[in-house]
Amino acid sequence: MLQEINFDGIIGPSHNYAGLSLGNIASSTHAGEPSFPRQAALQGIAKMRHNIALGLAQGFFMPLERPNKAWLESLGTQIAAAEPHIRAASYSASSMWAANAATISPAPDTDGKCHITVANLQTMPHRSHEWPDTLAQLRLAFADPDHFTVHTPVPPPFGDEGAANHMRLCTKHDSAGVEIFVYGKSGGPFPARQHVEASKAVARKHGLSETRIIFAEQSEQAIAAGAFHNDVVAVANEQVLFAHEQAFADREGFYAEVKRKFPEAEIITVPADKVSLADAIKSYLFNAQLVTLPDNGGMALILPSEAQETGAVWAYLNDLVAGNGAIRKLYPVDVRQSMANGGGPACLRLRVVADPAHIDPRFMATPEKLDSIARLVEEYWPETIEPDQLTNPALAETVQTARRKLLQACDLAQLA
């Protein structure tokens, strides 16, 4: 049976605050501060447990090998000799944000298979070397050739940052939908990360009908304010599109196309005079998981606790759920370590509509598996990483040992 499954990236043992992500306000703000990898991973695991308790299907992905010695070698250097910014990029734990791993088109939209294109992430150096290892993981998790097609990335120079710039509208997850690809052109001082040609290429790879796809430009204002991905200012689930008033360059034209191609759409626009763009980005209001609860429970927003602490945002949300619309419940979760590096609940997950029976079970979460992973994290993940520790060979050994123990525990040593 087709259903939506959220695959979260387990936060890796090299989680640190190097401020590598230009245009990501949170990442820049916390650059150079000590990080807490153990706490970060446990927060992510707690979020997954929370989702399972709500009756949602949950999967996970492994952190990638760090520091990435092969990438350093391709640059003619090694960890001890690398310049600080290159060394930091080799240690980056940013694969934790699984929303950037790939773009997903479920079987009802395609040729009957779920199509997955791994993102090239070429705009940012620290993420550009993720895709080969991410591709290997995707090909393992979704190896059933009768139900999945996993594609190689769109080639440079067209930047593709995955599902963080992709939304889908449908009556139910297992029915045919309209897929929305959001791209950027300019963001003032910050780069636009999703290229329209990358979005078009993914749509072609997935064999999507032109009558059921929409290409929408993100507003320059949103990118300049720190909305480096569309999922910082908009999110969709089934028939609901939930977006900030200033999310799109041509809001009215985009909404008209949505209504034309998917008349059932329920568009909820958050006015700028109720929630400013700055507050939306600071609180990651839209970087929530908008999910459908089982047993006719309606829709819920799984939000970062920062949304609850931002007065205008929390007041708006409480008015929203009191209005008896599609969104009925609010669930704040603590993912502060991820948030401090620029990623909320939605960044941490990749949404896949598929039958769990056709997915490699090693990647499917249960409370027991998560308990086992949490014990490993408590034993092997560094409690803290100070910026100057990246030069210490002992840290590399600690990080590599921790990941190896996790792979062994999850019977995924082949990813080593």
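This text walks through a predicted model, from its nonpolar cores to a small set of strands, helices and one loop residue.

Start with the packing. The largest nonpolar core holds 84 residues. Within this core, Phe7, Met62, Ile116, Phe142, Phe248, Phe254 and Ile373 touch the most other members. Helix α14, residues 367-380, gives the most to this core, with five residues. There is also a second, separate core of 24 residues. Among its members are Ala280, Ala288, Leu303 and Ala307.

Take Met62 as a sample of the contacts. Residues up to four places away in sequence are set aside here. What remains is Ile10, Gln137, Leu406, Leu407, Cys410, Leu412 and Leu415, and Met62 touches each of them.

Now turn to a sheet. Three strands form an open sheet in the order β3-β4-β5, and the pairing is mixed. The edges are β3 (102-105) and β5 (148-151), and each of these pairs on one side only. From one strand to the next, the twist averages 15°. In general, strands of a sheet pair through backbone hydrogen bonds, and the pairing may be parallel or antiparallel.

Both senses can be followed from β4. Strand β4 covers residues 114-118. Toward β3 the run is antiparallel, with four bridges joining the two strands. Thr103 has Thr117 of β4 as its bridge partner. Ser105 is matched with His115 of β4. Toward β5 the sense is parallel, again over four bridges. On that side, the bridge partner of His115 is Thr149 in β5. His115 thus has a bridge partner in Ser105 and another in Thr149.

How enclosed is β4? Five of its five residues are buried, so the strand is largely enclosed by the rest of the structure. Its side chains split by direction. Cys114, Ile116 and Val118 point one way. His115 and Thr117 point the other way. All are buried. Ile116 is also one of the core residues that touch the most other members. A helix covers the sheet as well: α6, residues 131-141, lies across β3, β4 and β5. The helix runs at about 160° to β4.

Cys114 brings up the question of disulfides. A disulfide is a covalent bond between the sulfur atoms of two cysteines. How many disulfides does the model contain? The count comes to zero. For Cys114 the reason is distance: the closest cysteine sulfur, in Cys170, is 13 Å away, too far for a bond, because the cut-off is 2.5 Å. Cys170 is likewise in no disulfide. Are these two cysteines buried or exposed? Cys114 has 1% relative accessibility, so it counts as buried. Cys170 is also at 1%, and therefore counts as buried too.

Next come two helices and their packing. Helix α7 spans residues 196-205. Its buried residues are Val196, Ala198, Ser199, Ala201, Val202 and Ala203. They pack against β3, β4, β7 (177-183) and β8 (213-217). Strand β4 therefore has both α6 across it and buried residues of α7 against it, a contact that counts because heavy atoms lie within 4.5 Å. After α7 comes Gly207, and its phi is positive, near 65°.

Helix α9, residues 251-261, has a clear inner side. Phe254, Tyr255, Glu257 and Val258 are buried. Their arc around the axis is only 160°, so they sit on the same side of α9. An α-helix has 3.6 residues a turn, so residues three or four places apart point the same way. On the other side of α9, Glu252 and Arg260 are exposed. The buried residues pack against β6 (166-170), β7, β8, β10 (240-244) and β11 (266-270). Strands β7 and β8 are also packed against by the buried residues of α7. Phe254 reappears here from the largest core, where it is one of the residues that touch the most other members.

End at a loop. Where is Ala272? This residue sits between β11 and α10 (277-283). Its relative accessible area is 25%, so Ala272 is partly exposed. Beyond its neighbours within four places in sequence, Ala272 is in contact with His244, Glu245 and Gln246. Gln246 is 26 residues from Ala272 in sequence. In space, the two are 7.2 Å apart, C-alpha to C-alpha.

Technical notes:
Residues numbered from 1 in each chain as written. Predicted model: local features only at pLDDT ≥ 70, side-chain atom pairs only at ≥ 80, totals over all residues. Heavy atoms only, no water. Core = buried A, V, L, I, M, F, W, Y, C linked by side-chain atoms within 4.5 Å. Buried < 20%, exposed > 50% of the residue type's maximum accessible area, 1.4 Å probe, protein only. Pairing = 2+ DSSP bridges. Axes fitted to C-alpha atoms, helices over the stretch in contact; angles between N-to-C directions. Arc of directions from axis to C-beta.
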